[in-house]
Amino acid sequence: MTVFDSRKTEYKDKIRAIATEEQVRLKIVVPRSISCSGAVLCITKEGEEPAYYSMFWAGMCGDENEYWELHFSATTPGLYFYHFELETPWGKSFVRNVGRGIGDFAPDGAEFQQTVYDKAFTTPDWLRGGIIYQIFPDRFHNSGTKKSGVRTTRVMRRWGEEPFWREEQMNGVWNNDYFGGDLKGIEEKLPYLADLNITCIYLNPIFEANSNHRYDTADYEIIDPLLGTEEDLRSLCRAAKKYGIRILLDGVFSHTGCDSKYFNKFQHYDSLGAYNSKESPYYPWYKFTDYPDGYQSWWGIKLLPEITEENEDYRRYICGKDGVLRKWLRCGIGGWRLDVADELPDVFLDELREAVKEEQPDALILGEVWEEATTKVAYGERRRYFLGAQLDTVMNYPFAEAVLNFVRFGNADAFLDAVMTVIERYPPQVTSLLMNHIGTHDTERAITRLAGESPEGYGRQWQYEHNTLSDEDYRKGIELLKLASLLQYTLPGVPSVYYGDEIGLQGMKDPFNRACMPWDNVNEKLLRWYRRLGEIRRGCQAFAEGAFIPVYCSHRTVAYKRVCENSEVLCAVNLDSELARIPLGNDWQNCYTLLGNVPVNGTLYLEQGRYSLLTIQK
């Protein structure tokens, strides 16, 4: 008999973070043979002294075990770590975490974690149950609209050509090749996105910059002229709204470009930049070590000088009453994705949330955090993204790794552990909005990750040589991508599709993962699959608010349910070489089959590589 399991409701009635003043019931199962005369919960709020709470005897569990339990609540937000201590005739016994939420007698085991957030913490409702579509603006669609104010030094390419990757192609200037994708082009493709049931478009940076990725902001106050105008953005937001779609902009606030009106290293701007004079109003924004050429830069890249976000003037410029955040919210956008959110200090994130929510209460604040976000440490401090005063949610890299590794390598235990770790630690209003991607502009394409060779440790020449899958690997990749997207669309959170993944676009890392959208070379079968997933997701309330309940886990086979008040959905995937037999019981005899196999006499049979998506109404 398990002593304690923090991931099962019979031991812990809320498998998630809790709000301040909200009670969680904790119950342990103790063998009668140890003659326990008393049990306590030892819980420590991070940075404070331990507190001890007596548990009460709650009856027998069969003939050989007994229950001890209590209800715990906290008045202040934070991370709380706990274990149990038992009094026996032989001294104290300690019940700690021996892995995957299991509590056992282990004096040297780990602590359990309980996240407590402010009870006033809310997140936007409009994205729950939705689907995100990520667009790298230069490469999605070119409307052909004539542009003005574009630098003549930009290298314009023909749509569909391979992005420059050789140093000699760059002529000394990296990321200076452009294909002319624009905001009007995105607006023209809104019907296509609506057919995918998209509810949110996340755009990589669109402000004026001097690289095609535009993470080297030159001016936060204007749209890059090659993408269009401010009116084009307003038009896109208006048109998208008619389809029930909102626009999420990428906010790059930890650094700017050195070729910007703020730094102005090459004097391309009329402003007095920080590099030009210590009298510049922007000089205090940057971190000079040996003026003017010695300055701290993002990851040591001199093109990207770091900002001092604690600077009051900079915070006012971004977060103030007429600052950058509010300016673009007033244009009609639905919120912000924060680039490298873990490199933004608390004082900046606190003010950012205050400004965004005051201007538009239902605007989304989504942070780029690659690790598990409740335990993230940066700036020498534990971050407090989800305690109620900063982010609404994050890009869900733990889920991305879990899905891709499971589909490629088939470790069902590791998959469920990764999913349950996030569910157990995050506030539910955060979990329901997690950006569940399986590929972005920073990673290999999903199909390449699943069926190609790993580019780790290899340079661009090797990646170029291995950028295109063989016909056999491509066919295999399509089938694996279908399985990965099935999981992605049914897990807690919001699936995010990187433009082109839905039609089979392949590619290694930057710049190969940023190729033009091949509108004339679409894998129609895969596109129909994504459209069907979108229909299913938007039609099932369980995906918006349903609990996640593991059903079956064995070697390379997994099944789980999403359960809400009116319905249940079951997802099962078998990657094992043998037939999987998943017992479901009589409740699923009259289920409706959304995808894949149907159960027979209470058992779901799945061959290798097969899947099933079932639903029942309560």
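Helix axes here are lines fitted to C-alpha atoms over the stretch in contact, and the angle between two of them runs from 0 to 180 degrees between their N-to-C directions. Keep in mind throughout that this is a predicted model.

**Close-up 1. Helix α8 (residues 397-409) packs against α9.** The two axes sit 9 Å apart and make an angle of about 165°. Angles over 145 degrees count as roughly antiparallel, so α8 is roughly antiparallel to α9. The crossing of this pair, α8 and α9, is left-handed. From the α8 side come P398, F399, A402, V403 and F406, and they meet A412, F415, A418, V419 and V422 of α9. What kinds of residue make up the contact of α8 with α9? By class, there are ten nonpolar residues in it, with no polar and no charged ones.

**Close-up 2. Helix α13 (residues 471-490) lies against helix α14 (residues 524-539).** Here the axes are 11 Å apart, and the packing angle is about 15°. Since angles under 35 degrees count as roughly parallel, α13 is roughly parallel to α14. The α13/α14 crossing is right-handed. On α13, look for I478, E479, L481, K482, S485, L486 and Y489; on α14, the partners in the contact are K525, L526, W529, Y530, L533, G534 and R537. Sorted by class, the contact of α13 with α14 has eight nonpolar, two polar and four charged residues.

**Close-up 3. Helix α5 (residues 312-319) crosses helix α7 (residues 346-359).** Their axes come within 10 Å and cross at roughly 25°. That angle makes α5 roughly parallel to α7. As α5 passes α7, the crossing is right-handed. Y314, R315, I318 and C319 are what α5 brings to the contact, while α7 brings V347, F348, E351, L352 and A355. The class count for the contact of α5 with α7 is seven nonpolar, no polar and two charged residues.

**Close-up 4. This view shows the largest pocket, with a volume of about 1,200 Å³.** Its lining takes in 40 residues. Which of them lie nearest the centre of the largest pocket? They are N175, H213, W298, I301 and L304. The lining of the largest pocket is a mixed bag by class: 13 nonpolar, twelve polar and 15 charged residues.

**Close-up 5. This view shows the second largest pocket, with a volume of about 880 Å³.** There are 33 residues in its lining, and I15, M420, I423, F548 and P550 lie nearest its centre. Where in the fold do these lining residues come from? Four elements each supply at least two of them: α9 (412-425), α10 (428-431), α15 (542-545) and β28 (547-554). You have already met α9 as the packing partner of α8. By class, the lining of the second largest pocket splits into 14 nonpolar, six polar and 13 charged residues.

**Close-up 6. Here is the largest cavity, with a volume of about 50 Å³.** How many cavities of 30 Å³ or more turn up in a search of the whole structure? The search finds one. Lining the largest cavity are R139, F164, M170, N175, D177, N212, R460, D510, P511 and R514. N175 also shows up among the residues nearest the centre of the largest pocket. Three of the residues lining the largest cavity are nonpolar, two are polar and five are charged.

**Close-up 7. Two cis peptide bonds are on show here, Y291 to P292 and D510 to P511.** Most peptide bonds are trans, so cis ones are worth a look. For the bond joining Y291 and P292, omega is about 0°. P292 is in the loop between β19 (288-290) and β20 (294-295). For the bond joining D510 and P511, omega is about 5°. P511 is in the loop between β27 (494-498) and α14. D510 and P511 both help line the largest cavity.

**Close-up 8. R214 has a positive phi.** Most residues other than glycine have a negative phi. R214 is not a glycine, yet its phi is about 65°. To find R214, go to the loop between β16 (207-209) and β17 (217-223).

Conventions
Residues numbered from 1 in each chain as written. Predicted model: local features only at pLDDT ≥ 70, side-chain atom pairs only at ≥ 80, totals over all residues. Heavy atoms only, no water. 1 Å grid on protein atoms, 1.4 Å probe; cavity = no way out; pocket = protein on both sides within 12 Å on 5 of 7 lines; lining within 4 Å. Points joined across faces, edges and corners; volume = space filled by probe spheres on them. Nonpolar A, V, L, I, M, F, W, Y, C, P; charged D, E, K, R; others polar. Helix = DSSP H or I, 4+ residues; strand = E, 2+ residues; numbered from the N terminus. Parallel < 35°, antiparallel > 145°, perpendicular 65-115°, else oblique. Left-handed = near helix turned anticlockwise from the far one by under 90°. Contact = heavy atoms within 4.5 Å.
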